[in-house]
Amino acid sequence: MLPSKAKRLRDELAAGKTIVAAGAHDGLSARLVEAAGFDAVWASSFEISTSHAVPDASIVTMSEYLDAARSMNQSVRIPIIADCDNGFGNSTNVSYMVRRYEAEGIAAVCIEDKRFPKLNSFIGEGQALETIEEFTDKIRAGKRSQQTEEFLLIARTEALISGQGVDEALRRAESYVDAGADAVLVHSKSRTADEVLSMVGKWDGRAPIVVVPTTYYESTVEELVAEGVQVVIFANHAIRAAVRAMGSTLAEVRRRGTTASVEDRIATLQELFDLQGMGDVGQLSV
Ligand code: SPV
Ligand code: MG
């Protein structure tokens, strides 16, 4: 039997392997993430909320997020790292969430220290954080609830996002790992990687560091890893590409009254059959 995805991810992290993940919102986008060669899928709350056409603001329910993560997990061989916002409530909610996600074979969950209801990190300034005590209670509850040793809980600090600075991010990250977190995601909305890398430079390496270079997109995986980052997540680029492509294609078809002009830049039916795995069902060629 193959080792669980959680075990594979845990072993890879322990061996010092760089993990590069990309965001997805359903089975199809997860499959595209895998096909592009990423090591893991980030089940992004931003992508999943967008795919429901609602704000990334604690509106999608845990069950809906779990449905999306399950569909992704069943579509790929690589591990899913599920973005679980702030754990959908208090430590009791985190406990329940961990049991549900782990039971579905999700390799890792990530919870963040923003207060419920949370807002996407790129909205507004000075978002309120939970205290270290409140958030470490959640981490401990989550870790106590997992049924296997392999399952991972990533703690995410929004200290930089909320303007509290590198030292606070560091203090929180250290406390979160001491409470049992298996890795720390330090998020930033700066245009450069400087503040993240300043935190990473002071990090004692007690757990892997995860970053999401959405706004500091000029930094490469190689540059971030050279400074001590181990996991890089390109969190939302699949859905941003899809939205642009779907919007412009639909507008053009509506305007011209024919699909002739877009045929050469949309996927063929065969490509979709391949993505579905139709070849496993029967022999089709279009
Ligand atoms: C997500 O992808 O949902 C994230 C990353 O949490 S961000 O949108 O940058 O907050
Ligand atoms: Mg999110």
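Student: What percentage of the 286 residues of the protein chain count as buried?

Tutor: The structure is a predicted model, in which local features need pLDDT of at least 70 and side-chain atom pairs count only at pLDDT 80 or more, while totals for chains, interfaces and linings use all residues. Residues are numbered from 1 along each chain as its sequence is written, chains are lettered from A and ligands numbered from 1 in the order in which they are written, and side-chain values use heavy atoms, with hydrogens and water left out. A residue is called buried under 20% relative accessible area, exposed over 50%, and partly exposed in between, using a 1.4 Å probe and protein chains only. By this standard, the buried part of the 286 residues is 49%.

Student: What is the radius of gyration of the protein chain, which has 11 helices and eight strands?

Tutor: Helices (H or I, at least four residues) and strands (E, at least two) are DSSP runs numbered from the N terminus, and the chain has 11 helices and eight strands. The radius of gyration is taken over C-alpha atoms, and the globule rule is 2.2 Å times the number of residues to the power 0.38. For 286 residues that rule gives 19 Å, and the chain is close to it, so it is as compact as a globular protein of that length; its radius of gyration is 19 Å.

Student: Which residues are the protein donors of the magnesium ion (ligand 2)?

Tutor: Donors are N, O and S atoms within 2.8 Å of the metal (3.2 Å for Na, K and Ca), and sites may look incomplete because water is not among the atoms. The protein donors lie 2.0 to 2.1 Å from the ion, and they are Ser45 (OG) and Asp83 (OD).

Student: How many residues apart in sequence are the parts that serine 45 and aspartate 83 tie together?

Tutor: Both serine 45 and aspartate 83 are buried. Serine 45 lies in helix α3 (residues 45–51) and aspartate 83 in strand β3 (residues 80–83), so the parts that they tie together are apart in sequence by 38 residues.

Student: How much of the accessible area of ligand 1 does the protein cover?

Tutor: Oxygen atoms of ligand 1 lie 2.7 Å from a side-chain N or O atom of serine 44 and 2.8 Å from a polar side-chain atom of aspartate 83. Accessible areas come from the Shrake-Rupley method with a 1.4 Å probe; for residues, only the protein chains shown count as cover. On its own, ligand 1 has 280 Å² of accessible area, and the protein covers 99%.

Student: Which side chain does a polar contact of 2.9 Å join to that of arginine 156?

Tutor: Arginine 156 is found in strand β5 (residues 152–157) and is buried at 6% relative accessibility. A polar contact is a pair of N or O atoms within 3.5 Å; within protein, one must be able to donate a hydrogen and the other to accept it, and residues adjacent in sequence count only if both atoms are side-chain atoms. The partner of arginine 156 at 2.9 Å is serine 121.

Student: How many disulfides are there?

Tutor: A disulfide is a pair of cysteine sulfur atoms within 2.5 Å. By this rule the count is zero. The cysteine sulfur nearest to that of cysteine 84 belongs to cysteine 110, 8.0 Å away. The number of disulfides is therefore zero.
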